Amino acid sequence: MAEPHDLTALEQAEAIVRGELSSLEVVEHHLRRVDALGDTVGAFVTVTAGQAREAARAADATPPGERGPLHGVPTAIKDLTLTAGVRTTFGSAAFADFVPPVDADVVRFIKAAGLVILGKTTTSELGCSLYSEGLVAPPARNPWDLSYTAGGSSGGAAAAVAAGLVPVAQGSDGGGSLRIPASLCGLIGYKPSRGLVSSGPLGFGAYGLPSNGPIGRTVADVAALLDVMAAAVPGEPYLPPPSPAGGYLGAARAAAPGRLRVGRFTAAMLVDEPVHPDCVAAVDRAAALLTAAGHEVVEVPPPLGPEVWPLFETLWYVLALTPVPPEGEHLLLPLTRFMRSRGADVSAGTLTTTLGELQTQVRAGVRRTAGCDLLLCPTLSAPQAPVGWFTQGRTPEEDFDRQRRFSPYCAVFNVTGDPSVSLPVGTTAEGLPVGVLLTGRYGADATLIATAAQLERSCGGWDRHPVVWRGVDSANVSGSGVGRSPR
């Protein structure tokens, strides 16, 4: 018989509605898995077991008519996201004891929908890197092979979902931070259109680059959590596009986007970097499946090229200037200190000029691909990277350069504001996941989700599990945990 973690998020909620399981039983089951596997995969910074049990009891007491599609289901919140009364470290020793007085809007919505938060997931320090290897928690490891990184900055969220510690999780994406971990861990990581999900109540929106979003094992689960997150909030700096009739879950279940024109490319955008054959093969497979589904797939030039990298570089340096208590500066990691030092040297005039030139380049790139409904490309330039590959024996400059070469695609779509999703279409010869990036037109999230669900059906489903899924003894931290266990 299937155990609760074998069920998708929506299946868990349905079992609770039918009375086959209570929310408390589901939460206790997942808390036991967190206790057994959480440190092994480096998923959590803080576990809020007491609060989770209390929330589960409240969920069980809620009248059936007031329950949504994910009511009573366990989830987790990224440690970059404010949670009232719960330690939020932003992945940094400089904030090791910080407890926010308020919830982020997205956390309020998740609580109001009846989901049960088990804790805070591991992230990179201040969200500055695409790996999650800091000082406040064990490194986030890929459950498919524990010698590899789970990515970042939503690495703990991906590790938690891929290891079956929660069925779906909240993350955020300012340059690929949901899509990179999803690609590495065989998941669906979704960056919504700019403005669709609130980034409030604090902050200035970081030039519109970051967005809260869901990560999960199935497109339907991800769409259901997006429905929860995508609530309009007055005062947000970006006007949200309208939600579709029937919600994003309805779009996923219908999986009927109509006939679309898909622009395909594999050349790296932000660097002159060769792309791994496995990443190209995953794009080829996705293109073939889309063609078989009736879509027109055409070759297009990448929207942007390596010549725009200096503009992105300046912007990332400035975005690292998150306020840090002066007494905590010495606790920051070398990469973070390096980026903040470079950012402090950028004048207001240089930043304004950079933003203007970047927008000019983006306009030109978007116009070159304006005849396409979707764009298809690799998520990353290589399938995987070992834990420590970016940092060990390297200067911060070398670390930063390796990151841009590893991920030369995702960040472009943070600048355009278009919805973008990583889908686990491919695998390596060793059975490790390989993602592809599918990006839609701004505001057309329903079309993107419907197409993702259509691809999921063509692939025979993506709810596949690594060996570690079966328990803590199934994987070796110093070796390989590669393999699939049956549902």
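Helix crossings, core and strand pairing

Visitor: How are α10 and α11 oriented to each other in this predicted model?

Guide: Helices α10 and α11 have an orientation that follows from their crossing angle, since angles of 65 to 115 degrees count as roughly perpendicular. In this predicted model, the axes of α10 (residues 309-319) and α11 (residues 334-344) come within 7 Å and cross at roughly 105°. The two helices are therefore roughly perpendicular.

Visitor: How many nonpolar, polar and charged residues does the contact of α10 with α11 have?

Guide: On the α10 side the contact is made by Trp316, Tyr317 and Val318, while α11 brings Phe338, Met339, Arg342 and Gly343. In this classification Arg counts as charged, and Gly is among the polar residues. The contact therefore divides, under those classes, into five nonpolar, one polar and one charged residues.

Visitor: Which helix gives the most to the largest nonpolar core?

Guide: The largest nonpolar core has 140 residues, of which Phe312 and Leu423 touch the most other members. The helix that gives the most to this core does so with eight residues, and that helix is α7 (residues 219-229).

Visitor: How many of the residues of α7 are buried?

Guide: The buried residues of α7 include Val219, Val222, Leu225 and Met229, and Asp221 is also one of them. Helix α7 is mostly covered, and its buried residues number nine of 11.

Visitor: What is the orientation of α9 to α15?

Guide: The axes of α9 (residues 277-292) and α15 (residues 445-458) come within 10 Å and cross at roughly 100°. At their contact, Ala286, Leu289 and Leu290 of α9 meet Thr451, Leu455 and Ser458 of α15, a set with four nonpolar, two polar and no charged residues. The crossing angle makes α9, relative to α15, roughly perpendicular.

Visitor: Which residue in β13 is the bridge partner of Gly426?

Guide: Strand β12 (residues 420-427) is mostly covered, with seven of its eight residues buried, and three bridges join this strand to the antiparallel β7 (residues 188-191). Strand β12 also pairs with β13 (residues 433-440) in the antiparallel sense, over six bridges. Within β13, the bridge partner of Gly426 is Val434.

Visitor: Which residue takes a positive phi in the hairpin of β12 and β13?

Guide: The hairpin of β12 and β13 has five residues between the strands. In this hairpin, the residue that takes a positive phi, near 90°, is Gly431.

Terms used
Residues are numbered from 1 along each chain as its sequence is written. This is a predicted model: local features need pLDDT of at least 70, side-chain atom pairs count only at pLDDT 80 or more; totals for chains, interfaces and linings use all residues. Side-chain values use heavy atoms; hydrogens and water are left out. Axes are lines fitted to C-alpha atoms, for helices over the stretch in contact, and angles run from 0 to 180 degrees between N-to-C directions. Helices (H or I, at least four residues) and strands (E, at least two) are DSSP runs, numbered from the N terminus. Angles under 35 degrees count as roughly parallel, over 145 as roughly antiparallel, 65 to 115 as roughly perpendicular and the rest as oblique. Contact means heavy atoms within 4.5 Å. A nonpolar core is a set of buried Ala, Val, Leu, Ile, Met, Phe, Trp, Tyr and Cys residues joined through side-chain atoms within 4.5 Å. Buried means under 20% relative accessible area, exposed over 50%, partly exposed in between (1.4 Å probe, protein chains only). Two strands pair if DSSP finds at least two bridges between them.
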